[in-house]
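User: Could you walk me through this model before I set anything up? I'd like the overall fold, then a few individual residues.

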Amino acid sequence: GGAGKVSGLAVAATTSILFFVGPTIASYIPRCMAGTLLLHVGIDLFLEGVLDSYGKFDHLEYFGIWLIVVVMTFYGMEAAMIAGVIAAVSTYAVQSVAYLSPIRGFMPASTLRSSKRNRDHHS
């Protein structure tokens with residue numbers, strides 16, 4: 001579940017309550033529990049962002065992802081942001097030279113899922 005209005009309101013209410021009560025509750029959570037949670041979230045984000053994205057990007061873009069990971073590991077977040085901007089601009093420059101015609105293909109509106117644009121206005 002979790003796709004309805006009730007679940008959205010429940011998440012909003014819980015988040016609002018924890019926003020005000022959270023700092024007092026945080027002092028009762030053991031540090032090892034918080035560390036384990038951070039480690040779990042970090043590993044999950046790494047797997048989703050780096051390993052699961054293999055094959056979804058071309059080699060140059062995927063190299064940029066690994067460059068950001070390595071720079072962040074050894075030099076921190078600020079250096080990784082700078083490396084990410086440099087990698088993104090470099091990837092854009094190389095791809096804009098490699099693909100002189102940016103429109104690689106087209107598809108008719110009948111392939112759209114939405115029926116708003118693929119139906120005749122008269123029918």
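**Working through the model**

User: W66 caught my eye; where does it sit in the secondary structure?
Analyst: Keeping in mind that this is a predicted model, W66 is located in helix α3.

User: And is W66 buried, partly exposed or exposed?
Analyst: W66 is partly exposed, because its relative accessible area is 32%, a value that falls between the 20% limit for buried and the 50% limit for exposed.

User: Which surface patch does W66 help to make?
Analyst: W66 belongs to a nonpolar surface patch of about 920 Å², which is formed together with L39, I43, F46, L47, L51, V70, F74 and Y75. The elements contributing two or more residues to this patch are α2, spanning 31–51, and α3, spanning 59–75.

User: Which of the elements gives the largest share of that patch?
Analyst: That is α2, which supplies five residues of the nonpolar patch.

User: OK, stepping back, how many helices and strands are there?
Analyst: The chain contains four helices and zero strands, so that, read from the N terminus, the order of elements is α-α-α-α.

User: How much of the chain counts as buried?
Analyst: Of its 123 residues, 11% count as buried, while the chain exposes about 11,000 Å², with carbon and sulfur atoms supplying 70% of that area.

User: What about contacts between residues far along the sequence?
Analyst: If one takes the contacts between residues at least 6 apart in sequence, 16% of them join residues at least 24 apart.

User: Switching to the loop between α2 and α3, what can you say about S53 there?
Analyst: S53, which is found in that loop, is buried, because its relative accessible area is 6%, and the cut-off for buried is under 20%.

User: What does the side chain of S53 reach?
Analyst: The S53 side chain reaches the backbone oxygen of V50 at a distance of 3.1 Å. Setting aside residues up to four places away in sequence, S53 also touches E48, Y62 and I65.

User: Last one: T91, buried or exposed, and which helix is it in?
Analyst: T91 lies in helix α4, which covers residues 77–98, and T91 counts as buried because its relative accessibility is 10%.

User: Which residues is T91 in contact with, beyond its sequence neighbours?
Analyst: Once the neighbours within four places in sequence are left aside, T91 is in contact with L60 and E61. Since α3 runs over 59–75, those two contacts link T91 of α4 to residues of helix α3.

Technical notes
Residues numbered from 1 in each chain as written. Predicted model: local features only at pLDDT ≥ 70, side-chain atom pairs only at ≥ 80, totals over all residues. Heavy atoms only, no water. Patch = residues over 30% accessible without salt bridge, like charges linked within 9 Å, V, L, I, M, F, W, Y side chains within 5 Å. Areas by Shrake-Rupley, 256 points an atom, 1.4 Å probe, with all protein chains shown as cover. Salt bridge = Lys/Arg side-chain N within 4 Å of Asp/Glu carboxyl O. Buried < 20%, exposed > 50% of the residue type's maximum accessible area, 1.4 Å probe, protein only. Polar contact = N/O pair within 3.5 Å; in protein donor to acceptor, adjacent residues only side chain to side chain. Contact = heavy atoms within 4.5 Å.
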